[in-house]
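Work through the exercises below with the model open. Each task is followed by a solution in steps.

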Amino acid sequence: MSHFPDLVIANGTVVNSFGRQAAHVVVDGGRITRLLDAQEPVPAAVRTVDAAGMLVIPGGVDGHCHVAQVTGRFRTLDDYATTSTAALWGGTTTIVDFGIPRDAQETPLDAVLNKKRLATESRCDVALHGSVITWDETVPWQLEQLAEEGVRSVKMYTTNRGSTMADGDTILKVMREMVRLDGLTYIHAEHDAIITDCTEQHATDGRIGIEHLHRTRPGLAEEISVKETLAMAEYTGAPVYFVHQSTPGAVDLVTAARERGLEAFSETCPHYVTLDDTVYGSHFPEWYACCPPMRDARTVAALKERLASGAIHTVSSDHSCYDLSQKRERTDDVRFMPHGLPGVETRMPVSFTALVTEAGGSVEDFVAVFSAGPARINALPGKGVVAEGFDADLVIFDPATQRVVDGGALHMGTDFSPFEGKTLNGWPAVVVSAGVVVLDEAGFHDPGPVGRFVARNGFTEHRSVPAPIPA
């Protein structure tokens, strides 16, 4: 009896970070089994999707999401079912969340294991980062256990004293351990002393409401922290990844470090290449409460230039799903507001519009920061490439299609979007996750809690895996 593959995506233009080709994509058992030249006949399949005139790219990998996050007395309103559903609506088929200890009683290992249990409700694949706040003699053992679980990165904050901040000694020691364990160090880089002093001065002057957020956290604080952290990475030999970079100066420091031979990486977020600090003078400044804050228009333009040049390696959402009632509780004092923006669903169109439509980048450039780069840097096997043997995580879209963001119609479990009313290109028309069509012209087809936990390779180990041969 003949066996037909589960799915064929026919007649599309397959775009990877390294090139494009007209092809039929054959999918079976959740994997891409063949790429056939589009001149070949379309093979028979259980289901065929015609992608003529459309682009087919690897499913998005969002390397920086916060799901069900607890910050002080605030908890984001989402769970894995909600966030993964929103991710799929937005063309993202793998999310990477954080296991951050909620308090001094929760260990780094426990924080990750708790998140891993919650992630069984996910509709898409999930990987995890660990986090260390305070060093003690158990940390090396805990990091070994995390590595055995497939968690090969650890995030540390250089700010937020009294909650998530790690001191310099802790950062240095964790970097050494991550080298030993072939892992990656993630850093939220803002110089705490500068931010604390600046915030206190604004509070003394009575300028501490949300409309002043961008003045309390200057770009200098970010750049100084990046510079200090790069020095520690150079000293220890640790690969280092900087989350949500918001200034061109921070990116340039990473670029210079790479030129010296360091394994250093820059991430930015859609809001930092799209929105500027005039939003804090708008009618709804609480929509934009995040750290770092939005920068001035000249800085945003320069950051977008860095993105178009390839100096920025990934674009992640930094998704944090608070709603407006939480945001509005303390708009009078940014020190007590929950910071973070919903964005896992809008990452694709905002990033595509900023990079390709506005900055003149190629679709290949977009694939690099949306999917291929996050998958490669985070050592996620099977992700980020449309090629034989890779996971059948795919997005079909027409780059000419435009839609207007309606925050109320999105699926992230909140009641607003910082991109409300913006006209964007690059929305997904069809999304395939693990070989299953979960979004098409008929709408969303909930696959249920089928998302897998993705155990990551070691950082250098992953670079030894042969790359696909460009078309």
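The exercises treat a helix, two sheets, the nonpolar cores and one tryptophan.

The model is predicted, so local features are restricted to pLDDT of at least 70 and side-chain atom pairs to pLDDT 80 or more, while totals for chains, interfaces and linings use all residues. Residues are numbered from 1 along each chain as its sequence is written, and side-chain values use heavy atoms, with hydrogens and water left out.

**Exercise 1. The helix α7**

Task: Compare the span of α7 with the expected one, then find which residues are buried and where they lie around the axis.

Step 1. Helices (H or I, at least four residues) and strands (E, at least two) are DSSP runs, numbered from the N terminus. Helix α7 covers residues 219-236, 18 in number, and its first and last C-alpha are 26 Å apart, close to the expected 26 Å. The expected span is 1.5 Å times one less than the number of residues.

Step 2. Buried means under 20% relative accessible area, exposed over 50%, and partly exposed in between (1.4 Å probe, protein chains only). The buried residues of α7 are Gly219, Ala221, Glu222, Ser225, Val226, Thr229, Leu230, Met232, Ala233 and Thr236.

Step 3. Viewed down the axis of α7, these buried residues fall within an arc of 160 degrees, so they line one face of the helix. The arc is taken from the directions from the helix axis to the C-beta atoms. Leu220, Lys227 and Tyr235 are exposed on the face turned away from the buried side.

Step 4. Contact means heavy atoms within 4.5 Å. The buried residues of α7 pack against elements including α5 (192-204), α8 (248-259) and β15 (264-268). Gly237 follows α7 and has a positive phi, near 75 degrees.

**Exercise 2. The parallel sheet**

Task: State the strand order of the open sheet and which strands stand at its edges, then place the helices on the sheet.

Step 1. Two strands pair if DSSP finds at least two bridges between them. Eight strands, paired in parallel, form the open sheet in the order β6-β10-β11-β12-β13-β14-β15-β16.

Step 2. β6 (60-62) and β16 (314-315) each have a single partner strand, so one side of each is left without a neighbour in the sheet.

Step 3. Five bridges link β12 (residues 153-157) to β13 in the parallel sense, and Ser153 stands opposite Leu184 of β13.

Step 4. Axes are lines fitted to C-alpha atoms, for helices over the stretch in contact, and angles run from 0 to 180 degrees between N-to-C directions. α4 lies across β12, β13 and β14, at about 170 degrees to β12. α7 touches β13, β14 and β15, and its direction makes about 165 degrees with that of β14.

**Exercise 3. The strand β18**

Task: Find the partners of β18 and what its two faces carry.

Step 1. β18 runs antiparallel to β5 (residues 55-58), joined by four bridges, with Val56 and Ile396 as bridge partners.

Step 2. Three bridges pair β18 with β21 (residues 430-433), also antiparallel, and here Ile396 stands opposite Val430.

Step 3. Both faces of β18 are covered: Leu394 and Ile396 are buried on one side, Val395 and Phe397 on the other.

**Exercise 4. Cores and Trp135**

Task: Describe the nonpolar cores and the setting of Trp135.

Step 1. A nonpolar core is a set of buried Ala, Val, Leu, Ile, Met, Phe, Trp, Tyr and Cys residues joined through side-chain atoms within 4.5 Å. The largest has 93 residues, and Ile57, Ile95, Leu143 and Met294 have the most contacts inside it. Helix α11 (residues 347-358) gives the largest share, six residues. A second, separate core of 19 residues includes Leu7 and Val437.

Step 2. Trp135 is in the loop between β11 (125-131) and α3 (139-148), and is partly exposed at 23% relative accessible area.
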